[in-house]
Amino acid sequence: MELVDIILVKSDPIINQSSIRAVQITRSLSKRYSVIALGWNRHHAELELTKEEKNLKLFNLKAPYGYEAYGILRLVAYFPIFWVWVFFKLCMHKPKIVHACDLATVLPCYIYKLLFRRKLVFDVLDRYGMTYIPKSRNSFFKILYSLVNPLEEFFARNSDVLLAVSDRI
C-alpha cells in the first residue's frame, strides 16, 4: 500500500483520447507530487499501460457508455459499485488531495474529504444538467434536471477548489 499526495478520479479509462486533460494534469502533478489516477474501464478492454501510466489504476467492470440522458440513466445502476471501489482506493492510499473530474466521481471523493478532513478539487468540464439532459417539456427530464443541477451546485460550493473551463459553466 502506497501513500500518495494526490489521487485523480475519472469515470473513463483516462488513457483514451477523451481524457487528454486528465492525462496532462496527472503528468504535470507527477513532476512534483506522488499521484495516482483512478479510472473506469467500462469497455473492459485489454489495455496495455505504458511505463508512463504505471500510476493508473483501472476499475474493470463492463458498463454501458452513453453521453445522452438515456445512456447516463442506464449507467446509474453501475455507479454505486464504482463509487465503493473508488472510496476503498482512497482509504487505502490516503491522499492529501482528491481531484474529482466530474459529477460522476465527486460523491466518494466528497465523503472521503469529510471523513478524513482532506482537500477536494472538483473539476467541472461540462455541467451534467446543462449538457446531457435534453431541454424538453417532458416532465421526466424536468424532474431529472431539478435533481442533478442542484446536486452539482452543492458539490461545487462544498469543494475546496472548483475548476471550470469557462465562466458559463
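Q: What does the accessible surface of the chain come to, in this predicted model?
A: Accessible areas here come from the Shrake-Rupley method with a 1.4 Å probe, and for residues only the protein chains shown count as cover. Carbon and sulfur atoms hold 59% of the chain's accessible surface. The total is about 9800 Å².

Q: Which ground rules apply to the numbers and names?
A: In this predicted model, local features need pLDDT of at least 70 and side-chain atom pairs count only at pLDDT 80 or more, while totals for chains, interfaces and linings use all residues. Side-chain values use heavy atoms, leaving out hydrogens and water, and residues are numbered along each chain as its sequence is written, from 1.

Q: How many aromatic pairs does a search of the whole structure find?
A: Rings of Phe, Tyr and Trp (its six-membered ring) pair if their centres lie within 6.5 Å; planes under 30 degrees apart count as stacked, over 60 as edge-to-face and the rest as tilted. Searching the whole structure with this rule gives 11.

Q: At what angle between the planes do Phe-82 and Trp-85 form their aromatic pair?
A: These two residues are 3 residues apart in helix 3 (residues 79–93; helices are DSSP runs of H or I, at least four residues, numbered from the N terminus), so about one helical turn separates Phe-82 and Trp-85. Their pair is stacked, at 6.2 Å centre to centre and 25 degrees.

Q: Is Trp-85 buried or exposed?
A: Buried means under 20% relative accessible area, exposed over 50%, and partly exposed in between (1.4 Å probe, protein chains only). Trp-85 has a relative accessible area of 15%, so Trp-85 is buried.
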